[in-house]
Amino acid sequence: VPVDNAGGMGGPAAPGDATWLHRFAFSDFWAAPGGAPGIDFNPTYSSAALIFGLDSYQFEGTLDMINDVQSWLDNPGTNFGWMLMTSSEELPFTGRRFASREDPNGAGPLLFVEYEPIPEPATWALIAVGAAVLFRRLRLR
């Protein structure tokens, strides 16, 4: 949820915030100001949404997003989330401010994952097969 910031002039960074110069404010620099494609972030976007004004926004789920999340599950140390960028970084007043998962007010983003469990064979069917095999072995003796 973007935070209102009249004038689009930004706000002061807190330790750990991502800024134009830092991955984590005051400690870890991007490879280039704003991040370097292919080094600081994947240059291929996973999803897109039009962001304008104060509101809650949803990004369409895509196969690329699913692949990102699966990669993070397989390699948790690589999970730094998605970089949110405007398509016109050079235009004034296009900056937006979003809360992160560390937001103390709980305004950070939410990821909803919908899935369908793969049905397992019914327990009774397995018991029945096992009983049939056992009965056949006992009968052959």
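A residue is called buried when its relative accessible area is under 20%, exposed when it is over 50%, and partly exposed in between, with a 1.4 Å probe and protein chains only. The model is predicted, so to speak of local features takes a pLDDT of at least 70 and side-chain atom pairs count only at pLDDT 80 or more, while totals for chains, interfaces and linings use all residues. Residues are numbered from 1 along each chain as its sequence is written, and side-chain values use heavy atoms, with hydrogens and water left out.

**Exercise 1. Describe the overall form of the protein chain, beginning with its burial.**

Step 1. Of the 141 residues in the protein chain, 13% are buried.

Step 2. Helices (DSSP runs of H or I, at least four residues) and strands (runs of E, at least two) are numbered from the N terminus. The protein chain has two helices and two strands, and their order along the sequence is β-β-α-α.

Step 3. The radius of gyration, taken over C-alpha atoms, is compared with a globule rule of 2.2 Å times the number of residues to the power 0.38. For the protein chain the value is 24 Å, whereas a compact globule of 141 residues would have one near 14 Å. The C-alpha trace spans about 85 × 30 × 30 Å along its principal axes.

Step 4. Contact means heavy atoms within 4.5 Å. Among the contacts in the protein chain with a separation of 6 or more, 31% come from residues 24 or more positions apart.

**Exercise 2. Place Pro-33 in the chain and find what it touches.**

Step 1. Pro-33 belongs to the loop that runs between β2 (28–29) and α1 (63–74).

Step 2. Not counting residues up to four places away in sequence, Pro-33 touches Trp-20 and Leu-21.

Step 3. The C-alpha atom of Pro-33 is separated by 61 Å from that of Ala-125, which is 92 residues apart from it along the chain.

**Exercise 3. Work out how the side chains of Ser-46 and Ser-47 are engaged.**

Step 1. Ser-46 is found in the loop between β2 and α1, and the place of Ser-47 is in the loop between β2 and α1 as well.

Step 2. Ser-46 has a relative accessible area of 13% and is therefore buried; Ser-47, with a relative accessible area of 18%, is buried too.

Step 3. A polar contact is a pair of N or O atoms within 3.5 Å; within protein, one must be able to donate a hydrogen and the other to accept it, and residues adjacent in sequence count only if both atoms are side-chain atoms. The side chain of Ser-46 makes such a contact with the side chain of Asp-68, at 2.5 Å, while the side chain of Ser-47 reaches the backbone oxygen of Glu-60 at 2.7 Å.

Step 4. Leaving aside neighbours within four places in sequence, Ser-46 is in contact with Thr-62, Asp-64, Met-65, Asp-68 and Trp-82, and Ser-47 touches Phe-59, Glu-60, Thr-62 and Met-65.

**Exercise 4. Decide whether Phe-26 is buried or exposed, and describe its backbone.**

Step 1. Phe-26 lies in the loop between β1 (22–24) and β2.

Step 2. Its relative accessible area is 57%, so Phe-26 is exposed.

Step 3. Although Phe-26 is not a glycine, it has a positive phi of about 70 degrees.
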